[in-house]
Amino acid sequence: MPVVKRVPSAGVAAQIGIVHLGLGAFHRAHQAVYLQRHLNRHGASDWGLCSANLRSNRTLVDQLREQDGRYHVAEYRDREQVTLREIGVLRQALYVGEGGQDLEALLQRMAAPQTRIVTLTVTEKGYCLSPATGQLRLDDPTIAHDIAHPQAPRSAPGIVLEALRRRRAAGVAAFTVLCCDNMPDNGQRTRQAVSALAGQQDQGLAQWVNEHVAFPGCMVDRIVPAMDDESFERLAQQMDCNDPAAVVCERFSQWVIEDHFPLGRPDWEVEGVQMVEDVRPFETMKLRMLNGSHSLLAYIGVLAGHETVAEAMLDADLARFIECYMTREAVPTLDMPAGIDLTVYAHDLTARFANDSLQHRLRQIAMDGSQKLPQRWLLGARHLLDDGRGIACTALGIAAWIHYCTRSVPGASTPVIDDPLRATFARLAEQFEGSSRVDAFLDLEEVFPVALSDQSVFRQAVQAAYSALLRDGMGPLLRAFAASNPQ
Ligand code: CS2
């Protein structure tokens, strides 16, 4: 049984100052915890939280409402030590379903002068941008809907824009928009989504957005596995916590934010948030080192027969492969400010991945690969090739992703793939095999920037990895890799 340290919620969030879109586990275990610590420290705060789920998990919103917004976060340092925090900073939980329930309440809340910041964790696909180029996808049905019905928006950019339109009409200053998703240049990408949508609706509004709305970028980091029955049971048994809205996460947490909040912000730096002028180096580091390794572990790990990240890290060959990826294919692409030691960072990541008090399923990370690969692997691969370096680990990752998305699984007619492009993957799997399948995948311009897929060295590396994978299988391939790349 672990030693449990309990931290109750203290103080009252008198007013809602932040509206959040995307009430998932990550938000509850990351941003809400920083705000809770801020509240506990000050005893009273104007930075209470209103969080909304868009089209997913209505049950959670109902549960939170029943609990008056209170829930628990269990932070596992390891199997022996846990901190159980009570969160009381969530003042309002909303659900905007297909039928638009709570949409008006959400828009009113966002338009209210007390709301000074709007934050988002709607996952990469929630911005409706092309993953490879970052341009708004005008062919996306949700965006097409929002262009036709600006005042009844369904997409996250559409909701942000409609709230801004109302503020402008009422003469209320724009809130600051803070994207907390794992995208490159996430502030700029969010600006791009909102302002391109505005350009389709109303030029005057588009200009106002460009002139008046701040979109600082930020890097968020905390490993928060999706909750499952086992995690709920563990909370009940180990700490008598029977909370259907609880989340489990690691002890580590990091938040680096560009300090540009025209209407003010909580004094986050007191809670350990790093406020910086330019977040991009931190974001690129995290995307390529942590998330890049995560995605490698996901596709390669599943094909090697593993289920969770910690279990995959016990596979010495796979752990060696990840280490080689970090040092040879991620670190050389990074240009960090003084004081950041990437060797230490890589070492700490390895320890975090190996934390076996978390059941972080590889399949959770494997979701939405088409939206994740460009920033996790492909921008780095371009950099490496431009420098004349090798991309062996990345190439095996891409080969594993293609195989993961198209292989047949015993007992199932098609593998269960959770990705916006899953229908395309199924079609390509049916039409092509072997090297033509690889070519067909690399031709997907939404995922692979032409500047990369045009390079024959790149194609050849992925082709070679894919045929070796089909020939040898993942286990033997990793064994051979580790044997020829000893520590
Ligand atoms: C993971 C991330 O699911 C995924 O794609 O790589 O959610 C990762 O756990 C977080 O970014 C960690 O901060």
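The expected span of a helix is 1.5 Å times one less than its number of residues. In this predicted model, helix H15, which comprises the 18 residues 369-386, should on that basis span 26 Å, and the distance of 24 Å between its end C-alpha atoms agrees with this expectation. The helix nevertheless carries a kink of about 35 degrees, centred on glutamine 375. H15 is mostly covered, with 14 of its 18 residues buried. Beyond the helix comes glycine 388, for which phi is positive, near 75 degrees. On the other side of H15, the loop that connects it to helix H14 (362-366) contains aspartate 368, a residue other than glycine whose phi is nonetheless positive, near 60 degrees. Aspartate 368 has a relative accessible area of 3% and is therefore buried, given that the term applies to values under 20%.

Helix H2, formed by the 12 residues 31-42, was examined in the same terms: a span of 16 Å is expected at 1.5 Å a residue, and its end C-alpha atoms lie 17 Å apart, which agrees. The buried residues of H2 are Gln31, Ala32, Val33, Tyr34, Leu35, Gln36, His38 and Leu39. Glycine 43 follows H2 and has a positive phi, near 80 degrees.

Strand S5 (residues 48-54) is largely enclosed by the rest of the structure, because seven of its seven residues are buried. The covering extends to both faces of S5, with Gly48, Cys50, Ala52 and Leu54 buried on one side and Leu49, Ser51 and Asn53 buried on the other. S5 runs parallel to strand S3 (residues 16-21), to which it is joined by five bridges, and within this pairing leucine 49 of S5 is the bridge partner of isoleucine 18. A parallel pairing is also found between S5 and strand S8 (residues 90-96), here over six bridges, with asparagine 53 bridged to tyrosine 95 in S8. The loop between S5 and helix H3 (58-66) holds asparagine 57, which adopts a positive phi near 55 degrees although it is not a glycine. With a relative accessibility of 41%, asparagine 57 counts as partly exposed.

Leu54 of S5 is also among the contacts of isoleucine 159, a residue placed in helix H6 (residues 156-170). Isoleucine 159 has a relative accessibility of 0% and so counts as buried. When neighbours within four places in sequence are left aside, isoleucine 159 is in contact with Leu21, Leu54, Leu103, Leu106, Leu107, Met110, Pro153 and Arg154. One of these partners, leucine 21, is 138 residues away from isoleucine 159 in sequence, while the two C-alpha atoms are 9.3 Å apart in space.

A further pairing involves strand S11 (residues 218-221), both faces of which are covered, since Cys218 and Val220 on one side and Met219 and Asp221 on the other are all buried. In contrast to the parallel pairings of S5 with S3 and S8, S11 pairs with strand S13 (residues 254-258) in the antiparallel sense, over four bridges. Within this pair, methionine 219 stands opposite valine 256 in S13.

Arginine 77 is situated in the loop between strand S6 (71-76) and strand S7 (81-87), and its relative accessibility of 49% means that it counts as partly exposed, the limit for an exposed residue being over 50%. Apart from residues up to four places away in sequence, arginine 77 touches Arg251 and Asn355. Arginine 77 and arginine 361 are separated by 284 residues in sequence and by 18 Å in space, taken from C-alpha to C-alpha.

At the level of the whole chain, the assignment divides the structure into domain 1 (3-276) and domain 2 (280-484), whose C-alpha centres lie 28 Å apart. Contacts between the two involve 35 residues of domain 1 and 34 residues of domain 2. About 2700 Å² is buried between the domains, and carbon and sulfur atoms give 52% of this area. On the domain 1 side, Lys125, Pro131 and Ile223 lose the most area to domain 2, together accounting for 21% of what that side buries.

How values were computed:
Residues numbered from 1 in each chain as written. Predicted model: local features only at pLDDT ≥ 70, side-chain atom pairs only at ≥ 80, totals over all residues. Heavy atoms only, no water. Helix = DSSP H or I, 4+ residues; strand = E, 2+ residues; numbered from the N terminus. Bend = angle between axes of the 7 residues up to and from the residue. Buried < 20%, exposed > 50% of the residue type's maximum accessible area, 1.4 Å probe, protein only. Pairing = 2+ DSSP bridges. Domains from an automatic or database assignment. Contact = heavy atoms within 4.5 Å. Buried area = accessible area lost by both parts, 1.4 Å probe.
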